[in-house]
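The exercises below ask you to work from the coordinates alone, and each is followed by a solution that proceeds step by step.

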Amino acid sequence: MSREVRLVTVPDGLPKPEHFVVAEVPLPVPDKGQVLVRNRFFQVFAALRTLISGSAKGTPMPPLRPGDTLLGPAIGEVVSTTGDDGPQAGDLVSHWLGWREYAVVPVGQVKLLGDALPDPVAHLGQGGLAYAALTRDAEVRSGDTVFVSGAAGAVGSLAGQIARLLGAGQVIGSTSSQEKADRLTSELGYDAAVIRGTATIEEQLAKAAPDGIDVYLDNVGGDHLQAALAVARPGARFVLVGALSGQMSRHGTGGTAPVELDIYQLILKRISIQAFQGRDEQARSQWLERFGGWLRAGDITFPHVRVAGIDSAPQALRELIDGRHFGTVIVEL
């Protein structure tokens, strides 16, 4: 038998543990072209709120309906396969069928981990996304002042370190508490942190970066995006990666993140705004090579929290939404 986390009902508001059930199911059997994977770890991520509500159209992953098993990035060991091609029993692989103890995955949807990273769990980090956004989309340059919103999350906790390694002159992050702000500056190389719920984001950002910002990696939207625009230097580059202002809102469904921007300022300052352009195999390979080298040299850390057992997964999602954790949240099976 195997266990998996299923959606029981679509919540009216933010999801809570009672909206899920840990169900016992027969051990899945792989068919031709599939492998059976025993999952060891899977990631808990904020975008699940949007998938659970089913309110956002055009997402790369399908919406979840009552009775569906949750999904997300996972790392596991191949137990059995139906062919000689591809991963074999004992290989460590990554795939997207987390939230279950065992998964049957098409061979084309698993990736061999190899020894690129010193700790396999680091493959669940979101640094590859931050790296692509900063190198390709924003093109961070030596001496740039970089602002990262949601800096204590899975993306932001690596983005600030990456920006520094790419030559940024100053790195500023936003977060939700003084405790997290202190960790950003003492552990992750951020020069300053702005904290939601104190003075306005714009006031704090202007104080931290009196000469303005050159790059904005946006995981939040809302007042953070407005503040970045107000403080931006001419020619600043913005990359939109996430929309936590909408996803984590207690109101609505998490499928929208409206914001009002001053178009005159965009034009006058010649600011470029683009959405994150995704990751391809070349970008993934380049990131793994650099990440592995930085980890082994001690130049970067992988901030994460490990939660034990699949029974704890629904509560871990709630805690992530409530902002209780720092870095990537991982369930260890």
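**Exercise 1.** Determine which residues Arg 100 touches, not counting residues up to four places away in sequence, and state whether Arg 100 is buried or exposed.

*Solution.* Start with the contacts, where contact means heavy atoms within 4.5 Å: Arg 100 touches Arg 3, Glu 4, Asn 39, Phe 42, Thr 69, Leu 70, Leu 71, Ile 310 and Leu 333. The model is a predicted one, in which local features need pLDDT of at least 70, side-chain atom pairs count only at pLDDT 80 or more, and totals for chains, interfaces and linings use all residues. Residues are numbered from 1 along each chain as its sequence is written, and side-chain values use heavy atoms, with hydrogens and water left out.

Next, place the residue: Arg 100 lies in the loop between β5 (92-95) and β6 (102-106), where strands are DSSP E runs of at least two residues and helices are H or I runs of at least four, numbered from the N terminus. Arg 100 is buried, a label that requires under 20% relative accessible area, whereas exposed requires over 50% and partly exposed is in between (1.4 Å probe, protein chains only).

Finally, examine the charge and the polar atoms. Arg 100 has no salt bridge (a side-chain nitrogen of Lys or Arg within 4 Å of a carboxyl oxygen of Asp or Glu), and the nearest side chain of opposite charge, that of Glu 4, is 4.8 Å away. A polar atom of the Arg 100 side chain does, however, lie 3.4 Å from the backbone oxygen of Leu 97.

**Exercise 2.** Establish how many of the eleven residues of α2 are buried, and identify what covers them.

*Solution.* Counting along the helix gives nine of the eleven residues as buried, so α2 is largely enclosed by the rest of the structure. Among these buried residues are Gly 127, Leu 129, Tyr 131 and Asp 137. The cover includes the strands β8 (145-148), β11 (213-218), β12 (232-240) and β13 (272-275), together with the helices α3 (156-165) and α9 (281-297). After α2 comes Glu 139, whose phi is positive, near 50°.

**Exercise 3.** Locate Asp 115 and decide whether it is buried or exposed.

*Solution.* Asp 115 is found in the loop between β7 (111-112) and α2 (127-137). With a relative accessible area of 66%, Asp 115 is exposed. Its C-alpha atom is separated by 9.9 Å from that of Leu 92, 23 residues apart from it along the chain.

Methods
Lys, Arg positive; Asp, Glu negative; His and termini not counted. Polar contact = N/O pair within 3.5 Å; in protein donor to acceptor, adjacent residues only side chain to side chain.
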